[in-house]
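Okay, everyone, thanks for squeezing me in. Let me put the structure up and then I'll talk you through it.

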Amino acid sequence: MKPVEINDLPTSVWLDINTGVFEPCVEISRRKVSDLAMMFADQEAVQQLIAQGDPVVYDIRYHPFQTSTSDMALGVSTIYPGKVGDEYHMTKGHFHVRMDQPEIYFCVRGTGFLLMESKEGDFQVAEWRPGTITHIPPQYAHRVVNTGPEPLIWVASYHLAAGHDYEPIIARGFAKIVVEKDGQPVFLPNPRRPNSS
Ligand SMILES: [Fe+2]
């Protein structure tokens with residue numbers, strides 16, 4: 001990652017809502033099936049897809065707005081349509097390291113769901129379409145799932161200091177997984193949590 005530049009002047013970026021590309025963009029992170037292997041329920045399907053070329057699940061484009069007194073950041077993510085077994089493409093999901101930090105997600109293209117779960121186990125779902133804006137309170141892990149036929153693109157606005165904590169998600173996932181059944185998305189208990197319902 002390039003060093004973050006302190007800039008106390010107003011700054012604008014330009015986003016193409018059809019592609020998720022924005023300029024200037026400081027960093028692009030690409031997540032393939034192999035990067036998310038442990039997140040999907042169907043491990044046979046994971047290995048098959050990796051052997052077949054390891055498709056891209058999502059891209060994140062990132063821009064920090066660091067000033068001498070504050071540090072907001074912008075992320076624009078694009079989940080490409082697809083499934084691993086019956087489970088829809090999704091993000092890894094994370095808690096914030098700083099548990100006092102919320103985040104705003106603004107869906108600009110596509111359809112899907114935002115899954116949110118607190119450490120206490122409160123599980124919430126927001127259904128997304130273009131224009132849906134969700135405030136994610138502090139202390140809720142968040143994961144986006146693309147259940148539609150086109151790329152799902154959203155803008156994330158957060159405090160740079162929030163930080164990403166992936167470990168609890170790697171260890172336990174979310175309460176529900178989202179799979180296709182008869183052409184429709186359905187929520188099933190996470191098989192990695194034997195006691196969930
Ligand atoms: Fe976040």
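So, size and shape to begin with. The protein chain has 197 residues, and a compact globule of that length would have a radius of gyration near 16 Å; ours has 17 Å, so the two agree. Keep in mind that this is a predicted model. If you box up the C-alpha atoms along the principal axes, you get roughly 50 × 35 × 30 Å.

What's in the box? Two helices and 17 strands. Buried residues come to 27% of the 197. And if you take the contacts in the chain with a separation of 6 or more, 69% of them are between residues 24 or more positions apart.

Now the sheet I'd like you to look at. It's an open one with six strands, antiparallel pairing, and the order is β3-β4-β5-β14-β9-β12. The edges are β3, residues 27-32, and β12, residues 133-136, each of which pairs on one side only. From one strand to the next, the twist averages 20°.

Zoom in on β5 and β14 in that order. β5 is residues 71-79, β14 is residues 152-159, they run antiparallel, and eight bridges join them. If you want a register marker, use A73, which stands opposite Y158 in β14.

On to the core. Which residues touch the most other members of the largest nonpolar core? Those are L114, V144 and V145, out of 33 residues in that core. As for who contributes, the elements giving two or more residues are α1 (43-51), β4 (56-66), β5, β9 (103-109), β10 (112-118), β13 (140-146), β14 and β16 (176-181). Take L114 as an example: skipping neighbours within four places in sequence, L114 is in contact with Y105, A126, W128, T134, H142 and V144. So V144 turns up again, as a contact of L114.

Right, backbone oddities, for those of you who like checking torsions. There's a cis peptide bond between E23 and P24, with omega at about -5°. P24 itself is in the loop between β2, residues 21-23, and β3, and β3 is one of those edge strands.

Then two aspartates with positive phi. D54 has phi near 55°, and it isn't a glycine, obviously. D54 is in the loop between α1 and β4. Is D54 buried, exposed or partly exposed? It counts as partly exposed, because it has 14 C-beta neighbours inside 10 Å. The other one is D182, with phi near 50°, in the loop between β16 and β17, residues 184-189. D182 has 5 other C-beta atoms within 10 Å, so D182 is exposed.

Last stop, a third aspartate, D8, in the segment before β1, which is residues 14-16. D8 has 10 other C-beta atoms within 10 Å, and the cut-off for exposed is 12 or fewer, so D8 is exposed. What does D8 touch, not counting residues up to four places away in sequence? T67 and S68. Compare that with V56: D8 and V56 are 48 residues apart along the chain, and their C-alpha atoms are separated by 36 Å.

That's my tour. Happy to go back to any of the views.

Technical notes
Residues are numbered from 1 along each chain as its sequence is written. This is a predicted model: local features need pLDDT of at least 70, side-chain atom pairs count only at pLDDT 80 or more; totals for chains, interfaces and linings use all residues. Two strands pair if DSSP finds at least two bridges between them. Helices (H or I, at least four residues) and strands (E, at least two) are DSSP runs, numbered from the N terminus. Axes are lines fitted to C-alpha atoms, for helices over the stretch in contact, and angles run from 0 to 180 degrees between N-to-C directions. A nonpolar core is a set of buried Ala, Val, Leu, Ile, Met, Phe, Trp, Tyr and Cys residues joined through C-beta atoms within 7 Å. A residue is buried if 20 or more other C-beta atoms lie within 10 Å of its own, exposed if 12 or fewer, and partly exposed in between; C-beta atoms are placed from the backbone. Two residues are in contact if their C-beta atoms, placed from the backbone, lie within 7 Å. The radius of gyration is taken over C-alpha atoms; the globule rule is 2.2 Å times the number of residues to the power 0.38.
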